[in-house]
Amino acid sequence: MTTTPATGTPTGTPGTGTTATGTSAAPGTALKAPNKVIAGGTTLLGRLDRMLGRVTMYRLVLIVLAVLAVYSIVLAAFDVLFFSPGAMLVSLAIAAVTVYGSSWIAAKVVGAHTHLESSLITALLLFFLLWPDLSGGYLLAVALAGVFAGLSKFVLAWRGRHIANPAAIGVVLVTVIGQGASVWWVASEALFWPTLVGALLVLFRTRRLGFALIFVIPALLMTIKAQTDFGATLGAGIETALYSAPILFLAGFMLSEPLTQAPLRWQRAVVALVVAFLYVQPLYFPDLFISFTPELALVVGNVIAFCFGQRKGLDLTLRERKEIAPGLHELTFSSRRKLRSRAGQYLELQLPHRADSRGTRRVFSLVSSPNSDDVAIATRVPAEKSSTYKQALAGLEPGQQVRATGVAGDFLLPRRLDRKVALVAGGIGVTPFVAQVRHLRETGEHRDVVMIYATASTSDLAYLDELGGVPGVVVSPDRPPALPAGWSWHQAPFVGKDALEQSVPDLAERSVYVSGPPAMVAAVRRSAKQAGARRVHTDAFTGY
């Protein structure tokens, strides 16, 4: 690997042996006084990030949908919604029982585990899509949709992952056999604001707001245009698109589901646009041989996303485990077949065990180079309060196997080798950069790379020996005991605008890559923009 040091003024430039005060010093010398940087976690978005981060994504979606369901039943009790509260409760109960019951049976047949929270989410989605009525035909439609949805989690699945949204599959099949049809009654003026707030919370937590907007904006605009073409005023068209079309609900709670998304950003954009155009097809081409309902449009999008992904599973055998920092373990696996990946991507691992509500799959950034015959990941295993997955992973012995079920991610260095790069890591967020630095070293690529590694405690620093090939700065409250040649120490509690400007004076000329916890990533992204960076790429560990 060949790298060049950061250019610009010498103040704080990694590799020059100077500190952020501008005086000459040996690598590892600190500031005379701590740099006062406002923590990203103290901002409104930072506090929201920390609050949402306390629950898993499945639980957050379940809570939001449950609150929305309770709110809708209360509105029905006060005659705001024209449904019977009793019928709504019965419909929801039938959906929950049939989804979980069919999932449980299918799981027993294939030797898998039933995910309770996933089943409840599916039941709530069906509750909002199908008409809640005590008539036999309506209840039968809910029951059949629940059975189809529960079975689809295991029947229409590949390597333990469902191919399409189960609720959408359930409603599509009920429609095909002529036993009912979706009404999406959740799309109403009375439920607009709680739906919008709930969808924004989910999209903010999953970092999928941009993806959702690629669907929402064209779907809204085309719906409004169709309404005005039919003779409605512009205001009436806007009201119809917002209050009577399920665009926001579909985007926030179904299209954005991570397990049915394509691996790369451009692929997700293609899927979002396809779903948007199929969604409005009945408005523009009503005489077409097929009329795409919202759920059918979503299923088609899910199938396209599935086809985009890497679908060849890979059995990995644990070869070595080593602790590279307190509580941080690197696991190296061997494989009969080479894993196809790019430096900066992540790997999904399926680990059969008696799982908690988060299931048997997790994603980990690869720390191994794409050129390596081995597959390596790094993960933090807390001494207390570990998930069942982390406990099972920590208990793996050399020779035992896990299943790699997918590789995804577009946290990739620029294709142009002449573009200067700044890498900013927070804690465990260093892992994708390890793979990238290893790849640079093995391929001999010539890039101008500089790195900032932030940590709350220097005892948690990992892979410094691997990262020593690029100039860098450690940002931490306490002095590191040792640093690689060409590295220095910037004393600060967080990476803020001052730390960025002093550590990388030519930051505005660089593509900035930020990886770490969501609150840290959001804060550093803002600081980098304030410091003049024009291109900021992020990789937040959302913990779905």
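**Close-ups: a pocket, a helix and two loops**

**View 1. The second largest pocket has a volume of about 280 Å³.** This is a predicted model, where local features need pLDDT of at least 70, side-chain atom pairs count only at pLDDT 80 or more, and totals for chains, interfaces and linings use all residues. Residues are numbered from 1 along each chain as its sequence is written, and side-chain values use heavy atoms, with hydrogens and water left out. A pocket here is an open set of points on a 1 Å grid over the protein atoms alone where a 1.4 Å probe fits, with protein on both sides within 12 Å along at least five of seven lines; lining residues have an atom within 4 Å of a point. Its volume is the space filled by probe spheres set on the points. The lining includes Trp-266, Arg-342, Asp-410, Tyr-513 and His-537. By class, that lining splits into 6 nonpolar, 1 polar and 4 charged residues.

**View 2. Helix 17 covers residues 518–530.** At 1.5 Å a residue, its 13 residues should span 18 Å, and the end C-alpha atoms are indeed 18 Å apart. Among its buried residues (under 20% relative accessible area, 1.4 Å probe, protein chains only) are Met-520, Val-521 and Val-524. Gly-532 follows helix 17, with a positive phi near 105°.

**View 3. Asp-79 sits in the loop between helix 2 (57–77) and helix 3 (85–110).** Phi of Asp-79 is positive, near 65°, though the residue isn't a glycine. Asp-79 is exposed (over 50%), at 59% relative accessible area.

**View 4. Arg-207 lies in the loop between helix 7 (192–206) and helix 8 (209–229).** Another non-glycine, Arg-207 has a positive phi of about 55°. Arg-207 is partly exposed (between 20% and 50%), with a relative accessible area of 29%.

Notes
Helices (H or I, at least four residues) and strands (E, at least two) are DSSP runs, numbered from the N terminus. The expected span of a helix is 1.5 Å times one less than its number of residues. Ala, Val, Leu, Ile, Met, Phe, Trp, Tyr, Cys and Pro count as nonpolar, Asp, Glu, Lys and Arg as charged, and the others, Gly among them, as polar.
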